[in-house]
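User: I am new to this structure. Please teach me how to read it, one feature at a time.
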Amino acid sequence: QVVQKLTQMIGKNVKLYDMVLQFLRTLFLRTRNVHYCTLRAELLMSLHDLEISEICTVDPCHKFTWCLDACIREKFVDNKRARELQGFLDGVKKGQEQVLGDLSMILCDPFAINTLALSTIRHLQDLVGQDTLPRESPDLLLLLRMLSLGQGAWDMIDSQVFKEPKMEAELITRFLPLLMSFVVDDHTFTVDQKLPSEEKGPIPYPSAIPEAFTKFLQENRIACEIGLYYILHITKQRNKNAFLRLLPALVETFSDLAFSDIFLHLLTGNLTLLSDEFALEEFCTSLFDGFFLTACSRKENVHRHVLRLLLHLHHKVAPAKLESLQKALEPTKQSGEAVKELYNQLSEKLELRKPSPAEVTETPSMELPLPTVPTPASR
């Protein structure tokens, strides 16, 4: 609706369009809210759908955004489109570097980041099958280049220095091979499980996290983004072992990205696929005590997401654990209305699940009445 209103207001007026874009850049700078980047791309695509060529032909980002929009719809950047996108990036001429500022904003849209990060994970899985290292894949390097440009949007527009951020070699030579080793661990474990049992003892799933992985998630923005999407991917695959192994690395991440609304929204959605695991004490302790509750008191949005998750899955959690979670999640005086409202909804649901006192006293009457025998005390 907002996009339609803006499109109607702009019509075919290029000056108005430029003004709106300037507003969006300023608002993005002031608030750091990445959804202004979404609006920048949506607006251009809306004008494209209405075939307003007066604007589309003069916006140098038009073809790039159109191609990226097609990738977002398909949730994957295929090789053909990757080449096209690379052509647009390489085609930025000297003297027109400012275009990079707008391209970085379009790549900073969370829907674009989502598509680029998931495509990166898919490429890594393919490379494992091909015995190929990340540095040998031009398509993978292009995905990283676009992720890097998107992640650097705010700094680029703020500093007005329009050049692509430098890619750290360690990201390609150390971090991505680390992720590939997790994929290999997974495959190895699955194959081991299928071997005849008489030949071997039970092989535990690897539980150690390499220190380098945790360090990358804390210090490198792109590594952190890819790492978080890898965790979303394994959660969606209902891979409980891999999820529990990597979960501790999320407590401290670059700019607290693991506690951002965008990541938590996707994570809690994917966790509902693992609903049966919530009955297990070990799983709940790792997830709630080891991750969510570490940030609940300092980040209201985390408090909100946990309450929403429990509203959906409370019936799966063991009663004792549920009781301790209810205590831990009690709102404070400083808590916002949304948290209080969600907590009340959860309390009401839990209250309804408790058997009423009348039921408890009546249950024995279901059994056959026993003849009364006088006890020694009553004689």
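User: Start with one residue. In which helix does K349 lie?

Analyst: First, a caution: this is a predicted model. K349 lies in helix 19, which covers residues 337–353.

User: Is K349 buried, partly exposed or exposed?

Analyst: Compare the relative accessibility with two cut-offs: buried is under 20%, exposed is over 50%, and partly exposed is in between. K349 has 38%, so K349 counts as partly exposed.

User: Which residues does K349 contact, leaving aside its neighbours within four places in sequence?

Analyst: Two names come up: L311 and H314. Look at L311 with the sequence in mind. K349 and L311 are 38 residues apart in sequence, yet their C-alpha atoms are 7.9 Å apart in space.

User: What share of such contacts in the chain joins residues at least 24 apart?

Analyst: Take the contacts between residues at least 6 apart in sequence. Of these, 72% join residues at least 24 apart.

User: Now the whole chain. How many helices and strands does it have?

Analyst: There are 20 helices and 0 strands.

User: How does the radius of gyration of the chain relate to that of a compact globule?

Analyst: Set the value beside a reference. A compact globule of 379 residues would be near 21 Å, but this chain has 27 Å. The spans add to the picture: along its principal axes, the C-alpha trace covers about 105 × 60 × 35 Å.

User: How much of the chain is buried, and what does the exposed surface consist of?

Analyst: Buried residues make up 46% of the 379. The chain exposes about 21000 Å², and carbon and sulfur atoms supply 55% of that area.

User: How do I read a single helix? Which residues of helix 1 are buried?

Analyst: Sort the residues by burial, then see where they point. In helix 1, residues 2–10, the buried ones are V3, L6, T7 and I10. They cover an arc of only 100 degrees around the axis, so they sit on the same side of helix 1. The face turned away from that side carries the exposed residues Q4, K5, Q8 and M9.

User: What do the buried residues of helix 1 pack against?

Analyst: They pack against helix 2 (14–31), helix 3 and helix 4 (53–56). Next in sequence, helix 1 is followed by G11, whose phi is positive, near 60 degrees.

User: Which residues other than glycine have a positive phi here?

Analyst: Most residues other than glycine have a negative phi. Exceptions deserve a look, and K75 is one of them: its phi is near 60 degrees. K75 lies in the loop between helix 5 (62–74) and helix 6 (79–90). R238 also has a phi near 60 degrees. R238 lies in the loop between helix 13 (221–236) and helix 14 (240–246).

User: Why do K75 and R238 count as exposed?

Analyst: Exposed means over 50% relative accessible area. K75 is exposed because its value is 59%. R238 is exposed because its value is 53%.

User: Let me practise on H305. Where is H305, and why does it count as buried?

Analyst: H305 is in helix 17, residues 300–313. H305 counts as buried because its relative accessibility is 6%. Beyond its neighbours within four places in sequence, H305 contacts D261, L264, H265 and T268.

User: And T38: which helix holds it, and what does T38 contact?

Analyst: T38 is in helix 3, residues 35–49. T38 counts as buried because its relative accessibility is 10%. Leaving aside neighbours within four places in sequence, T38 is in contact with D109, P110 and F111.

Terms used
Residues are numbered from 1 along each chain as its sequence is written. This is a predicted model: local features need pLDDT of at least 70, side-chain atom pairs count only at pLDDT 80 or more; totals for chains, interfaces and linings use all residues. Side-chain values use heavy atoms; hydrogens and water are left out. Helices (H or I, at least four residues) and strands (E, at least two) are DSSP runs, numbered from the N terminus. The radius of gyration is taken over C-alpha atoms; the globule rule is 2.2 Å times the number of residues to the power 0.38. Buried means under 20% relative accessible area, exposed over 50%, partly exposed in between (1.4 Å probe, protein chains only). Contact means heavy atoms within 4.5 Å. Accessible areas come from the Shrake-Rupley method with a 1.4 Å probe; for residues, only the protein chains shown count as cover. The arc is that of the directions from the helix axis to the C-beta atoms.
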